[in-house]
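Subject: A structure for you to look at

Hi,

Here's the structure I promised to pass on. Have it open while you read, and I'll walk you through what turned up.

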Amino acid sequence: MRVLLRSARPYGEEPVDVALENGVIAAMAAPGTLPAGDLDVDATGLVLLPGLVDLHTHLREPGREDAETIETGTRAAALGGFTAVHAMANTQPVADTAGVVEMVWRRGVEAGHCDVHPVGAVTVGLAGEHLAELGAMADSAARVRVFSDDGICVSDPVIMRRALEYVKAFDGVIAQHAQEPRLTQGAQMNEGALSGVLGLAGWPAVAEEAIIARDVLLAAHVGSRVHICHLSTAGSVDIVRYAKSRGIDVTAEVTPHHLILTEDLAGTYDPVYKVNPPLRTETDVMAVREGLADGTIDAVATDHAPHAHEDKDCEWAAGAFGMLGLETALSVVVDTMVSHGRLDWRGVADRMSERPARIGRLADQGRPIAVGEPASLVLVDPGASWTVDPGRLASRSRNTPFAGRALPARVVATFLRGRPTVLDGVIA
Amino acid sequence: MRHLLSTSDLTRDEALLILDTAAELGRVTDRAVKKLPTLRGRTVVNLFFEDSTRTRISFEAAAKRLSADVITFSAKGSSVSKGESLKDTALTLEAMGADAVVVRHHASGAPYRLAHSGWVGCSVVNAGDGTHEHPTQALLDAFTLREHLRELEGRRVVIVGDVLHSRVARSNVALLSTLGAQVTLVAPPTLLPVGVDTWPCAVSYDLDAALEGADAVMMLRVQNERMNAAYFPSTHEYSRRYGLDTRRAALLADGAIVLHPGPMNRGMEISADVADGPRSVIVEQVTNGVSVRMAVLYLVLGARAEDSAGEASAAEAVSA
């Protein structure tokens, strides 16, 4: 099938016609100069970006198909403009063997809405004691390159050191969930004046920062690369900035919700705002925006975490940690970064597609918009505004913190290697 | 007043109304027949997800003295221990016609959630939630302080102990400062929450200095589980630095009183001779608890119903 995108603006720049054929960008030329395709898309006024790549997605399959499945989660991803997601390992069973990661990978191929790259667990059962068979997962059909015990910190420094060393053999990366476990026992929200008043056990910034500091030093020592998941504090940004200035091979991601929401929402005691790491202060929000703008933070990653209704419709302490993110991520980035001039569209492409693809070692994602490159692309209406209605999301779960909130920019169409996965804002 | 969730929600006038109403309703306790018809036909549910014999009994007595029907629902041996959620329990109780739910819960904010989630339409009274608040305890403490000190404006009240985990301390700091008292918290630094410097009170690590000339001291219970969690080196050291004994009690102003929300660890945060001594008002606190809870139930339920039928004061209710 030949697809013609009429008058699309690559990276928000000058409009061109873009032809997609045989999975690649076949031609780019001045508007009105290319022959019609089997499918013509009027992209006038729309911004064309490389398909978004999420480094941090919970698809919940296998094990919690009541909250999300690979089918529903990847539909949500495509609608959010993603052409690849990394499926976190904390499933039931845990993705700590070649068998489980191949199953997840295969179900992703069958669903066909976007590429699904399983993340392998670092340790068996996420228990933090014995390294999982990282090499077998790397060599499997799923070709795992990102390993994480996400949800649980690899807190044992020796295990972390060995994992960082071991994955060098196949160019893997350890994605650390930085949370010192002893400092966060029973923690419910960011530790500060508000947690004291609300009587919710505090989650100090130092519990995140201490692990990041340790792990960048370990990565430097063993000459490996480390990726920091969902960094959330001003101090964490400083540490990563310092490490990068020293030439340490560290990358970091921030979630959309940490770019926009603050701890004040815990005052509602509504667990829809309960997330790990917790929502932080206004100072932290401004620092992560700054870090994302200057490139200290490499990527926006959703930490899309679907939860069944009953796990959020309860008292705060009983609520599960996590928020939906795939379908709102781009809009939140536009709201917090593009609208305020912190990032232009090339910056968005860099932080939401190119760099995450490089961190995950995905050869055919996050590529330039140029003739001969893979036709995995997204068309965005930058001027649109929409109101988040949890009931209309594609995810099987409803735990979005943005219910009723008006957000800018809307995904109009997504293409995966030339094939539309989303057209006119609905699954193609 | 629809709900009572936190003392920080109360204005000075609202707090004084509760305390004045408690004084009026408390008069019934002196009568041979300790009962008022005010809440006849209304149903009060005591929903206790946490064991608390004294608070539960106090609320029961308060509701019964106002002639309400009382249903008590304790977590142990109930559907709650079988894994029923707060929401389903609340829906069940509402379906049984509860007009007010008095809730004690181990999770901070559970009463707030009950009142604001749309699960139920009845009034919610917080009987202690996690490490957040215990508003009726603070009200009965303020009631007791007023009885002995009359005006709270400018009075110096020292609160000593595990502030970090204490819902009593949080509710008292908010309420007493609203009522004009000068509150000083004294605790080892490990048992003070981050951000306590933003609270409307002073903070000290020196108990002797804080007690000098104070009008009242409130000793908080140190929970057993804190004793082994590295918050302080030993119970002996805690007792020496932060316990109230006769020497320390003598530092207080003339006429000063000693409070404790109970249950006490005698010999730990308070010595037996102080607990039983002339300054101690610990038993009065229990009596006053019933009056204050009557006032709270009356104001969230009775006053609401009577508003439409015309103003009926607590004084009229007592004389009726």
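Below are my notes, going through the domains, the cores and the contact between the chains.

One thing before you start: this is a predicted model, so please keep that in mind when you look at the distances.

Let's begin with chain A. An automatic or database assignment splits chain A into domain 1 (3-47 + 373-427) and domain 2 (51-359). Notice that domain 1 of chain A is written as two stretches, 3-47 and 373-427. The C-alpha centres of domain 1 and domain 2 of chain A are 26 Å apart. Where the two meet, 36 residues from domain 1 of chain A and 45 residues from domain 2 of chain A take part in the contact. Together they bury about 3,200 Å², with 63% of that on carbon and sulfur atoms. On the domain 1 side, look for Y11(A), R396(A) and N399(A): they lose the most area to domain 2 of chain A, together 21% of what that side buries.

There are charged and polar links here too. Two salt bridges cross between domain 1 and domain 2 of chain A, and 19 residue pairs are in polar contact (both at pLDDT 80 or more). While you're in chain A, find D115(A) and R417(A), whose side chains form a salt bridge with N and O 2.7 Å apart.

Now for the cores. Which residues touch the most other members of the largest nonpolar core? In that core of 94 residues, they are L5(A), L20(A), L49(A), F147(A), V348(A), M352(A) and L379(A). This core takes at least three residues from each of the two domains of chain A. A second, separate core has 87 residues, including V186(B), A216(B), V258(B) and L297(B).

L20(A) is a nice one to click on. Not counting neighbours within four places in sequence, L20(A) is in contact with M1(A), R2(A), V3(A), L5(A), I25(A), A26(A), A375(A), L377(A), F415(A) and G418(A).

Over to chain B. Its assigned domains are domain 1 (7-133 + 289-319) and domain 2 (135-284), and their C-alpha centres lie 26 Å apart. Here 29 residues of domain 1 of chain B contact 25 residues of domain 2 of chain B. The two bury about 2,100 Å² between them, 62% of it on carbon and sulfur atoms. In domain 1 of chain B, T7(B), R12(B) and L19(B) lose the most area to domain 2 of chain B, together 29% of what that side buries. Between these two domains of chain B there are three salt bridges and eight residue pairs in polar contact (both at pLDDT 80 or more). Also have a look at R167(B) and E50(B), which form a salt bridge with their closest N and O atoms 3.0 Å apart.

Last, how do the chains meet? In all, 20 residues of chain A touch 18 residues of chain B. About 1,400 Å² is buried between chain A and chain B, 55% of it from carbon and sulfur atoms. Y269(A), D313(A) and E315(A) give 39% of the area that chain A buries against chain B, more than any other three residues. D313(A) also pairs with R113(B) in a salt bridge, the closest N and O atoms being 3.9 Å apart. Across this interface you'll find three salt bridges and nine residue pairs in polar contact (both at pLDDT 80 or more). By class, the chain A side that touches chain B has nine nonpolar, six polar and five charged residues.

Have fun exploring!

Terms used: Residues are numbered from 1 along each chain as its sequence is written. Chains are lettered from A and ligands numbered from 1 in the order in which they are written. This is a predicted model: local features need pLDDT of at least 70, side-chain atom pairs count only at pLDDT 80 or more; totals for chains, interfaces and linings use all residues. Side-chain values use heavy atoms; hydrogens and water are left out. A nonpolar core is a set of buried Ala, Val, Leu, Ile, Met, Phe, Trp, Tyr and Cys residues joined through side-chain atoms within 4.5 Å. Buried means under 20% relative accessible area, exposed over 50%, partly exposed in between (1.4 Å probe, protein chains only). Domain bounds come from an automatic or database domain assignment. Contact means heavy atoms within 4.5 Å. Buried area is the accessible area (1.4 Å probe) that two parts lose on being put together, summed over both. A salt bridge is a side-chain nitrogen of Lys or Arg within 4 Å of a carboxyl oxygen of Asp or Glu. A polar contact is a pair of N or O atoms within 3.5 Å; within protein, one must be able to donate a hydrogen and the other to accept it, and residues adjacent in sequence count only if both atoms are side-chain atoms. Ala, Val, Leu, Ile, Met, Phe, Trp, Tyr, Cys and Pro count as nonpolar, Asp, Glu, Lys and Arg as charged, and the others, Gly among them, as polar.
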